[in-house]
Amino acid sequence: MSHDPWLIVLGQAAEPASRTPLYIIIVYMCALFALGWISSRLFRGSSKDFFVASQSIGPFMLLMSVFGTTMTAFALVGSTGKAFSLGIGTYGLMASSSGLIHAACFFFVGIRMWSFGKKYGYVTQIQFFRDRFESKGLGYLMFPILVGLIIPYLLVGLIGAGNYIGGVTAGMFPETFSLPDKVLPSGKEIANPLNGSVPAWLTGLVISAVVLFYVFFGGVRSAVWANTFQTIVFMIMGLVGFLVIAHGLGGLEAASKKTLEYAPEKLSRVGLMTPAHFMSYMLVPLSVGMFPHLFQHWLTAKSAKSFRLTVVAHPICIMIVWVPCILIGIWAAGLHAEGSLRVPPLPNGNPNANAVLSAMVKTFMDSPVLIGLFSAGVLAAIMSSLDSQFVCIGSMFTNDFVVPWMGKDRFTDKQKVWLGRGFIVFIVLITYVISIFKPTSVFNLGVWCFSGFSALFPIAFASVYWKRLTKAGVVASVIATTVTWSLFIYDALGNKGEKWFGESHAGEYLIAGVMPVTFICLASIIALVLVSLATKAPSQATIDRFFPTKG
Amino acid sequence: MKKFVYALVILMAIIHQDIWWWDNKRLIFDFMPLGLFYHALFSCMAAGLWALAIKWAWPSDIEEWAEAEGEQGGEQ
């Protein structure tokens, strides 16, 4: 058996690697427990406070919570890994387009949704749709679809955290978490690079428990507090980590020049993506307009003016987080091509893109304290999304499923809060179990999840701008989205034979050279418009209620 | 001015597709790839655009309607 010398870099030294980073992460978790406990003291006990913080959140906390919610493992672990594979174009695919599209969704849809929530007392997105389309049944149709789309989003967080912590803790516990040697497709046997690391199941268990703790007791108010704290942590630690890695590589210029020398293709987009592929990605960020957890954050706003800071600062915040990640990703590609960075391989022998960030941190950050602080920042980004999603699914279960089904007088306010809490625990358990058995690319899984929400976005947009939109049109759009999304995802991930619709290109499933979201959105819009025009318009009372002004 | 803001949003969506330096590998400031630099700049421009939108196209009518005393509670 031969062992590659680089494995020492990843923590395969004879002596266990320093556990200081892990201790720092544990301290961070304890700080979150404390913050959760303090914020839960402010919980007013009502379901309105649990689900929308009694609409009391001001501009800064709204920005931090909305931005923290949209940045998950996808943004840090996923973007670095994707830049490693696809180069600088990754930023344009998701980050710069999100600066335009996310803010557009907040401005054109979010403020209107907030106004209806404020006026009519909505707590969830589905409550709005039920009233807007005069249909209880529509809620029952949308509830499982929205929850079903949130689960992959939760998985993105848990898988990303497991991969990152696995890489960064490699070699810390060689006795407790020993792993068998790996056999590469070439037949070469190597020591497992993740030997002695904290396993993904344990990371997932711990972060789920911490987030559950503060969400369980304080609801969305605790989530907003924790998001604000965690967003500040991951933005600061992300920048510090970036500068330290750059320093470890001999400076910004030296790092980029290495990529120019060994992996120049990552500095442009030619050969890695086509303009049509790039353009079709612009549809993916539309998903924020339909995220139920973002809708819930919008409803926490004290006033419409609270949105102003979020709309303007969101593109800048995205830039602050994504530019360093993309640079780290392309530097990693250069170093990998040169042979001075090894990334833990996948079973097929290719480097695991999800492990690129942890490999860079482990290799080029000398200080265990800094590794610990940076890792706390990565977990902060992941948990700041999980908490909002947890609260949201509890809220939807209570307000969109149980209460309409059993009657709103059937439960006391306190019982409603407990129903929400119970469903949160149930979904977290399901997601946790799936995360252990279904490791996949964080970026690609995120894109599939976002594509489903993007295709439902025309419903949200048309519901506040198009009076002629009907319930039947919405049902047709939901069905068209579900059918096309299911077919394409099966073809991309489940179909082991010849693909029915598209083909894989540089790790992406494309149909006619563009992202599947293009066709899913198209099917959704056609169904929405044609069926609405062919069916009876909503009543005048409903139109008056939801189109109260000329604007 | 609202229409001007909406036109700017469309213009931004168009200039996001920067095919003109698709294969340019030049490093700005010796470390920042040109394509990445352009899109970082695009993010700053997007922030500027939304600042203009708030100034010139803010939906005050919706805001006033929502914050006025009136009906509460939908069918749900």
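Start by selecting A:L294: with 26 C-beta neighbours inside 10 Å, this leucine counts as buried. Keep in mind as you click around that you're looking at a predicted model.

**Stop 1: A:L294 and its helix**

Show the cartoon around A:L294 and you'll see that the residue sits in helix α11, residues 292–299 of chain A. Leaving aside residues up to four places away in sequence, A:L294 touches A:V66, A:T69 and A:V288, so add those three to your selection. For a distance check, draw a line between the C-alpha atoms of A:L294 and A:L386: they are 92 residues apart along the chain and separated by 12 Å.

Now widen the selection to the whole helix. How many of the eight residues of α11(A) are buried? Eight of the eight are, so α11(A) is largely enclosed by the rest of the structure. To colour them, pick A:P292, A:H293, A:L294, A:F295, A:Q296, A:H297, A:W298 and A:L299.

**Stop 2: A:A223**

Next, jump to A:A223, which lies in helix α8, residues 200–248 of chain A. Is A:A223 buried or exposed? With 34 C-beta neighbours inside 10 Å, A:A223 counts as buried. Its contacts, again without residues up to four places away in sequence, are A:V215, A:D387, A:S388 and A:V391. Then try a longer line, from the C-alpha atom of A:A223 to that of A:S451: these two are 228 residues apart along the chain, and 25 Å separates them.

**Stop 3: where α6 meets α7**

Hide the rest and show α6(A), residues 125–132, together with α7(A), residues 137–168. The axes of the two helices come within 8 Å and cross at roughly 150°. With angles over 145 degrees counted as roughly antiparallel, that makes α6(A) roughly antiparallel to α7(A). The crossing is right-handed.

Which residues make the contact? From α6(A), put A:I126, A:F129 and A:R130 in sticks; from α7(A), add A:L138, A:G139, A:M142 and A:F143. Coloured by class, this contact shows five nonpolar residues, one polar and one charged.

**Stop 4: the face towards chain B**

Bring chain B back into view. The contact between the chains takes 53 residues from chain A and 41 residues from chain B. On the chain A side, the elements giving two or more residues are α5 (89–120), α6 (125–132), α9 (252–262), α10 (275–280) and α12 (307–338). You've met α6(A) already, at the previous stop. Which element gives the most to this side? Select α5(A), which gives 17 residues. By class, the side of chain A that touches chain B has 31 nonpolar, 13 polar and nine charged residues.

**Last stop: zoom out on chain A**

Finish with chain A alone, as a cartoon. There are 19 helices and four strands to find. The radius of gyration is 23 Å, close to the 24 Å that the globule rule gives for 551 residues, so chain A is as compact as a globular protein of that length. Rotate the chain and compare its principal axes, along which the C-alpha trace spans about 75 × 55 × 40 Å.

Colour by burial next: 61% of the 551 residues in chain A are buried. Finally, a contact map is worth opening: of the contacts in chain A with a separation of 6 or more, 86% are between residues 24 or more positions apart.

Terms used:
Residues numbered from 1 in each chain as written. Chains lettered and ligands numbered in written order. Predicted model: local features only at pLDDT ≥ 70, side-chain atom pairs only at ≥ 80, totals over all residues. Contact = placed C-beta atoms within 7 Å. Nonpolar A, V, L, I, M, F, W, Y, C, P; charged D, E, K, R; others polar. Rg over C-alpha atoms; globule rule 2.2 N^0.38 Å. Buried ≥ 20, exposed ≤ 12 C-beta atoms within 10 Å, placed from the backbone. Axes fitted to C-alpha atoms, helices over the stretch in contact; angles between N-to-C directions. Parallel < 35°, antiparallel > 145°, perpendicular 65-115°, else oblique. Left-handed = near helix turned anticlockwise from the far one by under 90°.
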